[in-house]
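Me: I should like to go through the terms used for this model and ask what each rests on.

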Amino acid sequence: MVLWSLLAFIIALIGLYSVKAREILDGQPTILIKKGEILEKALAKQHLNIDDLIMMLRNKDVFSPKEVEFAILEPDGKLSVLRKEELLPATKKDIKATVTPIQRIPTELIIDGKIVEKQTY
């Protein structure tokens, strides 16, 4: 058991200090959608089908690949999605709206049915 733990520790250290080892151990991100077009060869390489990709996009609140500038499958299996600029939601800064700064941090007033007299932070 100690030997396996030591081996895992050594592998982690090698991955920490070597980019090449990290690529071999963890893998690299894969671009699955580029400028709204699905890259079918990349999907096949990752053993995914279009239905899997569409499901992962829906989990990111994207319902069409045409809305996506880039979709990248990360080594941990998660999908990162960059939507097209014109489809991003507008922020208050974009529309130059006045912003009132937050005055107070929301706190709990009652915990387990008891009134909290003093906050710890």
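**Terms and their grounds**

Reply: T30 lies in strand β1, residues 30-34, where strands (E, at least two residues) are DSSP runs numbered from the N terminus. The model is a predicted one, in which local features need pLDDT of at least 70 and side-chain atom pairs count only at pLDDT 80 or more, while totals for chains, interfaces and linings use all residues. Residues are numbered from 1 along each chain as its sequence is written, and side-chain values use heavy atoms, with hydrogens and water left out.

Me: Why is T30 called buried?

Reply: Buried means under 20% relative accessible area, exposed over 50%, and partly exposed in between (1.4 Å probe, protein chains only). T30 has a relative accessible area of 14%, and therefore it counts as buried.

Me: What makes the pair T30 and Q46 a polar contact?

Reply: Their side chains are joined at 2.9 Å. A polar contact is a pair of N or O atoms within 3.5 Å; within protein, one must be able to donate a hydrogen and the other to accept it, and residues adjacent in sequence count only if both atoms are side-chain atoms. The value of 2.9 Å is within 3.5 Å, so the distance condition is met.

Me: Which residues does T30 touch, leaving out those up to four places away in sequence?

Reply: T30 touches A42, Q46, A71, I72 and L73, contact meaning heavy atoms within 4.5 Å.

Me: How do you know that β1 and β3 pair?

Reply: Two strands pair if DSSP finds at least two bridges between them. β1 and β3 (residues 68-73) have 4 bridges in the antiparallel sense, so they qualify as paired. Within β3, I72 is the bridge partner of I31. Both strands belong to an open sheet of 4 strands in the order β2-β1-β3-β4, with antiparallel pairing. Its edge strands are β2 (37-38) and β4, each of which pairs on one side only.

Me: Why does K84 count as buried?

Reply: K84 has 17% relative accessibility, which is under 20%, and therefore it is buried. K84 is found in the loop between β4 (79-83) and β5 (110-111). Its side chain reaches the backbone oxygen of K66 at 3.1 Å. Leaving aside neighbours within four places in sequence, its contacts are K35, G36, K66, E67, V68 and E69.

Me: What makes I14 partly exposed?

Reply: The relative accessible area of I14 is 44%, which falls between 20% and 50%, so the residue is partly exposed. I14 is placed in helix α1, residues 2-17.
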